[in-house]
Amino acid sequence: MEAATFTNTSGTGFNFTNEMLEAFQEQGFLLVRDLFSNQEMDLLEECFTTQEFRENVFTRSDGGERGFQMALWWEPGDDTVGLVTRSRRVVETMRNLLGGKELYHLSSKLIMKEPESGGAFAWHQDYGYFYENGLLFPDCGSVSIPLDPTYRENGCLQIVPGSHKLGRLDHKRKGDLASVDTERLEEIFKVMGEPVMAETKRGDVLFFHSNLLHTSGPNISPNKRWNLVLAFNQLTNTPYHERFLPPVSKLEMVEDEMIVTKHTTMSRIAKRFIRNKQDDSVEKLD
């Protein structure tokens with residue numbers, strides 16, 4: 001992890017460097033420690049206590065006995081979740097990592113693994129999903145923002161550094177999820193090394209390429225593990241069909257300070273939550 005791990009020492013004035021870009025291009029991810037302050041994280045987490053979020057949670061699993069809860073929405077909105085999503089720190093960093101072209105918000109999801117019950121998320125590439133949803137190129141990436149400290153026992157992310165260079169791998173359905181087959185994974189580990197644990201604390205942020213192989217284990221700890229994941233795509237890479245992903249809408253970036261100064265738990269803009277039965281993104285993999 002250390003080869004692509006950096007610490008933000010500039011507060012809201014985060015400085016992106018060529019060294020970070022080179023690390024991302026080689027490793028397929030960038031971990032920035034302390035990208036958000038404790039105050040910002042408190043305000044962000046407050047948003048997920050609302051009735052709106054509670055009413056839009058559904059369960060997913062990899063076919064095992066344990067599942068995890070998830071909410072997924074298309075529009076960032078103008079609540080604090082939306083302000084974080086559209087913040088300069090997040091959007092400009094991802095834009096730089098993906099080559100500098102204009103981005104739009106693809107989707108957001110909150111993954112909730114409750115103490116001693118949250119299940120695993122199968123090995124996959126995000127582009128394994130996005131390819132089926134009409135994106136022709138893997139010119140997209142995700143931003144993982146943990147709301148809790150993450151470690152092996154509560155199901156932190158596990159990644160294979162450099163695996164984005166493999167290109168898109170075939171995915172098969174595993175329960176409600178998409179997954180790379182076990183035989184191929186074993187061969188990848190032999191060549192590229194065993195997965196590494198992306199252990200993080202609140203305020204740390206992991207940016208990663210859509211072809212980076214990753215998973216997360218079950219939560220066998222006494223602590224919850226909630227994680228916000230934001231997906232972005234280049235405007236030149238819009239889906240060729242709209243059977244699942246919605247039409248593209250322009251991303252209005254906001255200044256970082258607004259996360260605190262404009263804090264609100266309710267969005268005046270409809271976030272367009274997806275309902276459980278609307279999530280058919282793995283149906284083609286049967």
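**Entry 1. Cavities**

I began with enclosed space and found that the structure holds four cavities of 30 Å³ or more. I note at the outset that this is a predicted model. I then took up the second largest cavity, for which I recorded a volume of about 130 Å³. Its lining comprises 13 residues, and those nearest its centre are Lys109, Ile111, Leu157, His214 and Val229. By class I listed five nonpolar, five polar and three charged residues in this lining.

I next asked which strands supply at least two residues of the lining of the second largest cavity. They are β5 (103–113), β6, β13 and β14 (225–234). The largest share, three residues, comes from β14, and I therefore turned to that strand, of which ten of the ten residues are buried.

**Entry 2. Strand β14**

Because ten of its ten residues are buried, β14 is largely enclosed by the rest of the structure. I looked up how its side chains are directed. In a regular strand the side chains alternate between the two faces of the sheet. From β14, Arg225, Asn227, Val229, Ala231 and Asn233 point one way, whereas Trp226, Leu228, Leu230, Phe232 and Gln234 point the other way. I noted that all of these residues are buried.

For pairing, I found that β5 and β14 run antiparallel over ten bridges. Within this pair, Leu103 has Gln234 of β14 as its bridge partner. Strand β7 (residues 140–146) is also antiparallel to β14, and seven bridges join the two. Here the bridge partner of Ile145 is Leu228 of β14.

**Entry 3. Ile145 and the cores**

I followed Ile145 further. Beyond its neighbours within four places in sequence, Ile145 is in contact with Phe36, Met41, Leu44, Val84, Asp204, Val205, Asn227, Leu228 and Leu230. The largest nonpolar core has 50 residues, and Phe48 and Ile145 are those with the most contacts inside it. I also recorded a second, separate core of 22 residues, which includes Trp74, Tyr127, Leu245 and Ile274.

**Entry 4. Val32**

I asked whether Val32 is buried or exposed. Its relative accessibility is 0%, so Val32 counts as buried. Val32 lies in strand β2 (residues 29–33). Setting aside neighbours within four places in sequence, I listed its contacts as Phe6, Asn8, Phe14, Gly203, Asp204, Val205 and Phe207. Asp204 and Val205 appear among the contacts of Val32 and among those of Ile145. As a distance check, I noted that Val32 and Thr264 are 232 residues apart in sequence and 25 Å apart in space, C-alpha to C-alpha.

**Entry 5. Pockets**

I closed with the open sites. The largest pocket has a volume of about 190 Å³. It is lined by 17 residues, of which Asp62, Ala122, Trp123, Lys174 and Ser179 are the closest to its centre. The elements giving two or more residues to this lining are β6 (121–124), β9 (172–174), α7 (182–192) and β13 (214–216). I divided the lining residues of the largest pocket into six nonpolar, six polar and five charged.

For the second largest pocket I recorded about 160 Å³ of space. I listed its lining as Thr12, Gly13, Phe14, Phe16, Arg88, Arg89, Glu92, Thr93, Asn96, Glu255, Asp256 and Glu257. By class, these are two nonpolar, four polar and six charged residues. Phe14, in this lining, is also one of the contacts of Val32.

How values were computed:
Residues numbered from 1 in each chain as written. Predicted model: local features only at pLDDT ≥ 70, side-chain atom pairs only at ≥ 80, totals over all residues. Heavy atoms only, no water. Helix = DSSP H or I, 4+ residues; strand = E, 2+ residues; numbered from the N terminus. Buried < 20%, exposed > 50% of the residue type's maximum accessible area, 1.4 Å probe, protein only. Contact = heavy atoms within 4.5 Å. Core = buried A, V, L, I, M, F, W, Y, C linked by side-chain atoms within 4.5 Å. 1 Å grid on protein atoms, 1.4 Å probe; cavity = no way out; pocket = protein on both sides within 12 Å on 5 of 7 lines; lining within 4 Å. Points joined across faces, edges and corners; volume = space filled by probe spheres on them. Nonpolar A, V, L, I, M, F, W, Y, C, P; charged D, E, K, R; others polar. Pairing = 2+ DSSP bridges.
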